[in-house]
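Biologist: Could you take a close look at the cysteines for me, and then at the part of the chain around them? I am new to this, so please go step by step.

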Amino acid sequence: MTKLTAPDLELMAAASDFIRSRYQENRHHIGAAVRGASGRIYLGLHLDTYVGRCSVCAEAVALGSALSAGETGIEAIVSVRHPRPTELHAEPKVVSPCGICREMLTDFAPGSAVIMTHEGDLKRVPVADLLPEKYRRAL
């Protein structure tokens with residue numbers, strides 16, 4: 001785990017600005033930003049559905065955008081959650097990736113870092129640290 005850098009703060013701002021502009025209650029409440037090896041930022045929006053299994057996480061959308069654009073590596077990713085109108089805080093907050101996204105990130109962005117809260121502070125956490133003893137298929 002390491003402290004945040006200026007590019008990390010830029011990535012967080014991109015994700016926060018994105019979800020503020022796209023938030024729709026019961027539809028889109030998580031935004032993600034991915035920085036590719038090229039330095040370019042890709043954004044993704046959570047697609048909430050009435051049938052929960054059909055929902056798609058913002059991290060998957062952002063990562064898919066980066067890989068579709070030809071990125072060969074992922075440097076960092078961050079996800080932010082927009083508060084619901086009834087919540088006391090008004091600003092998006094950084095959230096950690098769900099278990100499915102941790103699995104996906106270790107498959108498609110194994111050398112990347114996730115910006116998330118760790119022991120009370122925002123830090124860069126290596127993706128590999130999020131899923132110890134990852135399942136691997138026997139060849």
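Modeller: A disulfide is counted here when a pair of cysteine sulfur atoms lies within 2.5 Å, and in general a disulfide is a covalent bond between the sulfur atoms of two cysteines. This is a predicted model, and by that rule the count comes to 0 disulfides. C57 is in no disulfide, and the nearest cysteine sulfur, that of C101, is 3.6 Å away. For C98 the closest cysteine sulfur is again in C101, at 3.7 Å, which is too far for a bond. As for their surroundings, C57 is partly exposed, with a relative accessible area of 24%, and C98 is also partly exposed, with a value of 32%.

C101, the cysteine named in both of those distances, belongs to helix α3, which covers residues 99–108. There C101 is buried, as are R102, M104, L105 and T106. To read such a list, it helps to know that an α-helix has 3.6 residues a turn, so residues three or four places apart point the same way. The buried residues of α3 pack against several elements, namely α2 (58–68), β3 (74–81), β5 (113–118) and α4 (127–130).

Two of these neighbours, α2 and β3, are joined by a loop that holds G70. G70 is partly exposed, with a relative accessible area of 46%. Measuring along the model from C-alpha to C-alpha, G70 and E10 are 22 Å apart in space, while in sequence they are separated by 60 residues.

Conventions
Residues numbered from 1 in each chain as written. Predicted model: local features only at pLDDT ≥ 70, side-chain atom pairs only at ≥ 80, totals over all residues. Heavy atoms only, no water. Buried < 20%, exposed > 50% of the residue type's maximum accessible area, 1.4 Å probe, protein only. Helix = DSSP H or I, 4+ residues; strand = E, 2+ residues; numbered from the N terminus. Contact = heavy atoms within 4.5 Å.
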